[in-house]
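User: Hi! Could you walk me through this structure with a few questions and answers?

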Amino acid sequence: MAPYGVSAAPAGELICDFCAALEPVVYYEVTEFSLMAPGGEWLSGDRFYACPPCRRFIDSGDWRGCERGSAQPISGSRTA
Ligand SMILES: [Zn+2]
């Protein structure tokens, strides 16, 4: 069985991977990983998108702030 993608975004749309806001403005490249769960394998994708508020948390290293709306340190970003 082919792996599933884990994004909650509707087909053809992007959402912030940290808070699910619409229209993320940047993405952070990550090494793709997979999770095995009942029903199959789930792939993370190779980039995590962020909205402006989440981007500020991530870029400033405010992981507690990001945790309130989510994540983990990731270095390097690209404009979405
Ligand atoms: Zn966000």
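**Helix α1 and its surroundings**

Analyst: Happy to! In this predicted model, helix α1 (residues 52–60) has Cys-54, Arg-55, Phe-57 and Ile-58 as its buried residues.

User: How are the buried residues arranged, seen down the axis of α1?

Analyst: An α-helix has 3.6 residues a turn, so residues three or four places apart point the same way. Looking down the axis of α1, the buried residues line one face of the helix, because they fall within an arc of 160°.

User: Which residues are exposed on the other side of α1?

Analyst: Let's turn the helix around. The exposed residues on that other side are Pro-52 and Ser-60.

User: Is Tyr-49 buried or exposed?

Analyst: Tyr-49 belongs to strand β5 (residues 47–50). A residue counts as buried if 20 or more other C-beta atoms lie within 10 Å of its own. Tyr-49 has 22 such neighbours, so it is buried.

User: What distance separates the C-alpha atoms of Tyr-49 and Leu-14?

Analyst: Along the chain, Tyr-49 and Leu-14 are 35 residues apart. In space, their C-alpha atoms are separated by 7.6 Å.

User: Is Glu-23 buried or exposed?

Analyst: Glu-23 sits in the loop between β1 and β2, and its phi is positive, near 60°, although it is not a glycine. A residue with 12 or fewer other C-beta atoms within 10 Å is exposed. Glu-23 has 12, so it is exposed.

User: What is the phi of Ala-20?

Analyst: Ala-20 is in the loop between β1 (4–5) and β2 (26–29). Ala-20 is partly exposed, with 14 other C-beta atoms within 10 Å. Though Ala-20 is a residue other than glycine, its phi is positive, near 75°.

Technical notes:
Residues are numbered from 1 along each chain as its sequence is written. This is a predicted model: local features need pLDDT of at least 70, side-chain atom pairs count only at pLDDT 80 or more; totals for chains, interfaces and linings use all residues. Helices (H or I, at least four residues) and strands (E, at least two) are DSSP runs, numbered from the N terminus. The arc is that of the directions from the helix axis to the C-beta atoms.
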